[in-house]
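This briefing sets out where the rings, the nonpolar cores and selected helices of the chain shown here lie and what surrounds them. Please read it alongside the structure.

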Amino acid sequence: MSLRIPLSSPDITEAEIEAVTAVLRTNSLSLGPKLEEFEEAISAFHQVPHAIAVSSGTAGLHLAIRALSIGEGDEVIIPSFTFIAVANAVRYEHATPVFVDIDPVTLNMKPACVEAAITPRTRAMIVVHTFGVPAQMDALMQIAHHHNLAVIEDACEAIGATYNDRRVGCFADISVFAFYPNKQITTGEGGAVLVRDAQLASRIRALRNQGRYPSGDWLQHAEIGYNYRLSEMACALGLVQLNRLPTILAQRAVVARHYDNSLAQINGIHRPPLHLPSRNISWFVYVVQLAERFTMVDRDKVLNSLLNQGIGCARYFAPIHLQPAYAGDPSAQQAKLPVTEAVAQRTLALPFFNRLSIAEQTEVAHALDSAVRTIADGS
């Protein structure tokens, strides 16, 4: 299906193209100077001493679990209302994801639910800043410290967001970012891991590169590792994008505000909050919820109506504990998540990217209004 208005679109300028082309004129396409420069820039931006660029956010989450020596018999508390990579990274190391419910406003893990889920087997929590909205880090970190738990921040959707005037990714033991083409900034495919502890950072660097440490020879492998490297071309692209981040975030905030205005008169939807106490949102996607009287079938009818008009949209998110991949997982079967399940069946992501025009947003708003009215009227 051809989409006239895509769900997302990367913002690539001539500066990015020139930076990538410049790398292609060199002999260094991997593990070169652009990798170091990109890592140093990410580290400086977040004021965290160690940054390790990796091939994806998923790779970063896996390395975080592996580096913390979390494995079989251990539990990791995570939200179910998020991308499936969060749970998969836990399962890669044969640990158990424990799914907890979310706050109905921020759509992030609810601290009280995290506290209630802790058992003697709990080793860590993965805090996801859902849709670029910072999670309640003060309460979550307090719980972690009280129970001696490791904290991994999944900031894959939230670069540049702040909580209590601190950038997300600065709170946890390990933080992970992603730079897929639909993110605020992109390296094509790619991600980054932020770490404060030098020894932990050294291990993650080795694991990223087939288990090789700098002290060893090229073919000496201290432990089993992975090919999670990020290319020089990707890093060159990421450097330009990172330099443009303040402008990009401002553009995305403008798009979000215009959606808020243009959708305000639609009866039957809930718009995402533009502002929340102590938080500065980094707009990743724009997700509306149909009103509580609508069903998942209604939501899918609205979605298909927009798609049939060439307007990109998607279900964000299908809960992990209800995914076919986790159908036989005891932890998924035991999960009782009423807020997650109620929200997930009514959410709809609308087209959202830096250069989405006012005319395109107006068209989306009219199409959404018409589709919701049709469902409400029973037509």
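**Charges over rings**

Arg166 lies over the face of Phe171, at 4.3 Å from the ring centre. A second such arrangement places the charged end of Arg167 over the ring of Phe45, 3.7 Å from its centre. The model is predicted, and the points below are grouped by topic.

**Aromatic pairs**

- The count of aromatic pairs comes to 13, where two rings pair if their centres lie within 6.5 Å.
- One of these pairs joins Tyr286 and Phe352, whose ring centres are 6.4 Å apart with 25 degrees between the planes, and the pair is stacked.
- Tyr286 belongs to strand β12 (residues 286–290) and Phe352 to the loop between β13 (347–350) and α13 (358–377), so the pair ties together parts that are 66 residues apart in sequence.
- Tyr286 and Phe352 are both buried.
- Tyr316 and Phe317 also form a stacked pair, because their ring centres lie 5.2 Å apart and their planes meet at 25 degrees, and planes under 30 degrees apart count as stacked.
- Tyr316 has a relative accessible area of 14% and is therefore buried, the cut-off being under 20%.
- Phe317, with a relative accessible area of 10%, is likewise buried.
- Ring pairs also link Tyr316 and Phe317 with Phe81 and Phe131 in a cluster.

**Nonpolar cores**

- In soluble globular proteins, nonpolar side chains tend to be buried together.
- The largest nonpolar core in this model has 40 residues, and those with the most contacts inside it are Val76, Phe99, Ile126, Ile152, Ile174, Val195 and Ile204.
- Helix α3 (residues 57–67) supplies the largest share of this core, namely six residues.
- Val76, leaving out residues up to four places away in sequence, touches Ile65, Ile70, Val90, Thr96, Pro97, Val98, Ala124, Met125 and Ile126.
- Another core, of 35 residues, lies apart from the largest one and has Ile281, Val302, Leu306 and Ala371 among its members.

**Helix α10**

- Helix α10 (residues 296–308) has 13 residues and reaches 18 Å from its first C-alpha to its last, close to the 18 Å expected at 1.5 Å a residue.
- At the N-terminal end of α10, Thr295 acts as a cap, with a side-chain oxygen 3.3 Å from the backbone nitrogen of Val297.
- The buried residues in α10 include Asp298, Arg299, Asp300, Val302, Leu303, Leu306 and Leu307.
- Among the elements that cover these buried residues are β12, α12 (338–344), β13 and α13.
- Gly310, just after α10, takes a positive phi of about 80 degrees.

**Helix α8**

- Helix α8 (residues 232–243) has 12 residues that should span 16 Å at 1.5 Å a residue, and the 17 Å between its end C-alpha atoms agrees with this.
- This helix is mostly covered, with 10 of its 12 residues buried.
- Those buried residues are Glu232, Ala234, Cys235, Ala236, Leu237, Gly238, Leu239, Val240, Gln241 and Leu242.
- The cover over the buried residues of α8 includes α1 (14–24), α2 and α9.

**Selected single residues**

- Ser43 is found in helix α2 (residues 33–46) and is buried, with a relative accessible area of 12%.
- A polar atom of the Ser43 side chain lies 3.4 Å from the backbone oxygen of Pro49.
- Beyond its neighbours within four places in sequence, Ser43 is in contact with Val48, Pro49, His50 and Ala51.
- Ala256 has its place in helix α9 (residues 245–262) and counts as buried, at 0% relative accessibility.
- Not counting residues up to four places away in sequence, Ala256 touches Leu274, Trp283, Tyr286 and Phe352; of these, Tyr286 and Phe352 form the stacked pair described above.
- Ala256 and Ile320 are 64 residues apart in sequence and 27 Å apart in space, C-alpha to C-alpha.
- Glu341 lies in helix α12 and is partly exposed, with a relative accessible area of 33%.
- Its contacts outside the neighbours within four places in sequence are with His321 and Leu322.
- Glu341 and Gly190 are 151 residues apart in sequence, and their C-alpha atoms are 30 Å apart in space.

Technical notes:
Residues are numbered from 1 along each chain as its sequence is written. This is a predicted model: local features need pLDDT of at least 70, side-chain atom pairs count only at pLDDT 80 or more; totals for chains, interfaces and linings use all residues. Side-chain values use heavy atoms; hydrogens and water are left out. Rings of Phe, Tyr and Trp (its six-membered ring) pair if their centres lie within 6.5 Å; planes under 30 degrees apart count as stacked, over 60 as edge-to-face and the rest as tilted. Helices (H or I, at least four residues) and strands (E, at least two) are DSSP runs, numbered from the N terminus. Buried means under 20% relative accessible area, exposed over 50%, partly exposed in between (1.4 Å probe, protein chains only). A charge sits over a ring if NZ of Lys or CZ of Arg is within 6 Å of the ring centre and within 35 degrees of the ring normal. A nonpolar core is a set of buried Ala, Val, Leu, Ile, Met, Phe, Trp, Tyr and Cys residues joined through side-chain atoms within 4.5 Å. Contact means heavy atoms within 4.5 Å. A polar contact is a pair of N or O atoms within 3.5 Å; within protein, one must be able to donate a hydrogen and the other to accept it, and residues adjacent in sequence count only if both atoms are side-chain atoms. The expected span of a helix is 1.5 Å times one less than its number of residues.
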